[in-house]
Amino acid sequence: MARGLVVRIFDELFALDALKPGDVVCDPFSGIGSTGIEAASRGLQFIGCELEPKFVALANDNIELHRRTWEAMGRPIPVMVCGDSRQLRQHVGPVLAAAVVASPPF
């Protein structure tokens, strides 16, 4: 998802008091992890699902770029899984998310 879009979405969800630090956010079409990066930067727990292994690898590389900063700030580290979002629960387990944020590929 484009960073500008996910920033606007999170800004609105925080303004509405629909999200707070520590909440879990899920993106079933995570791509290269931009939603997870923005989520962690705001103190949100994140789990992303992406079908394409090459994008999961890129997302994990992007997460690693920020890991030390997040750890130093006590922020959660985003989690990426590779799988088909049509079977999301199979891939992420019984996670109860406060929000599902997505930009579907269609």
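Gly 31 counts as buried, because its relative accessibility is 17% and the cut-off for burial is under 20% relative accessible area. This glycine is found in the loop between β1 and α2 of what is a predicted model. Leaving aside residues up to four places away in sequence, Gly 31 touches Glu 50, Phe 55, Val 56, Ala 59 and Met 80. Glu 12 lies 19 residues from Gly 31 along the chain, and the C-alpha atoms of the two are separated by 22 Å.

Asp 17 offers a contrasting loop position: its place is in the loop between α1 and β1, and with a relative accessible area of 65% it is exposed. The phi angle of Asp 17 is near 60°, which is a positive value in a residue other than glycine. A positive phi is also taken by Gly 43, just after α2, at about 85°.

The two loop residues for which accessibility has been described are set out below.

| Residue | Loop | Relative accessibility | Class |
|---|---|---|---|
| Gly 31 | between β1 and α2 | 17% | buried |
| Asp 17 | between α1 and β1 | 65% | exposed |

**The sheet**

Four strands form an open sheet, in the order β3-β2-β1-β4, and the pairing is parallel. β3 (79-82) and β4 (99-100) stand at the edges with a single partner strand each, so that one side of each is left without a neighbour in the sheet. Strands of a sheet pair through backbone hydrogen bonds, in either a parallel or an antiparallel manner.

Within this sheet, β1 (residues 24-27) and β2 (residues 45-50) run parallel and are joined by four bridges, with Gln 45 of β2 as the bridge partner of Val 24. Four bridges likewise join β2 to β3, again in parallel, and here Glu 50 stands opposite Cys 82 in β3. Glu 50 is also one of the residues that Gly 31 touches.

Strand β1 is covered on both faces: Val 24 and Cys 26 are buried on one side, while Val 25 and Asp 27 are buried on the other.

**The helices**

α2 is mostly covered, as seven of its eight residues are buried, namely Ser 34, Thr 35, Gly 36, Ile 37, Glu 38, Ala 39 and Ala 40. The elements that cover these buried residues include α1, β1, β2 and α3 (53-73).

Of these covering elements, α1 can be described through its packing against α2. The axes of α1 (residues 3-15) and α2 (residues 34-41) come within 9 Å and cross at roughly 40°, and the two helices are therefore oblique to each other. The crossing of α1 and α2 is right-handed. On the α1 side the contact involves Arg 3, Val 6, Val 7 and Phe 10, which meet Ser 34, Thr 35, Glu 38 and Ala 39 of α2. The residues of this contact divide into four nonpolar, two polar and two charged. An α-helix has 3.6 residues a turn, so residues three or four places apart point the same way. The four α2 residues in the contact, Ser 34, Thr 35, Glu 38 and Ala 39, are also among those listed as buried in α2.

α3, which contributes to the cover of α2, lies across β2 and β3 and runs at about 170° to β3.

Methods: Residues are numbered from 1 along each chain as its sequence is written. This is a predicted model: local features need pLDDT of at least 70, side-chain atom pairs count only at pLDDT 80 or more; totals for chains, interfaces and linings use all residues. Side-chain values use heavy atoms; hydrogens and water are left out. Axes are lines fitted to C-alpha atoms, for helices over the stretch in contact, and angles run from 0 to 180 degrees between N-to-C directions. Angles under 35 degrees count as roughly parallel, over 145 as roughly antiparallel, 65 to 115 as roughly perpendicular and the rest as oblique. A crossing is left-handed if the near helix is turned anticlockwise from the far one by less than a right angle, and right-handed if clockwise. Contact means heavy atoms within 4.5 Å. Ala, Val, Leu, Ile, Met, Phe, Trp, Tyr, Cys and Pro count as nonpolar, Asp, Glu, Lys and Arg as charged, and the others, Gly among them, as polar. Buried means under 20% relative accessible area, exposed over 50%, partly exposed in between (1.4 Å probe, protein chains only). Two strands pair if DSSP finds at least two bridges between them.
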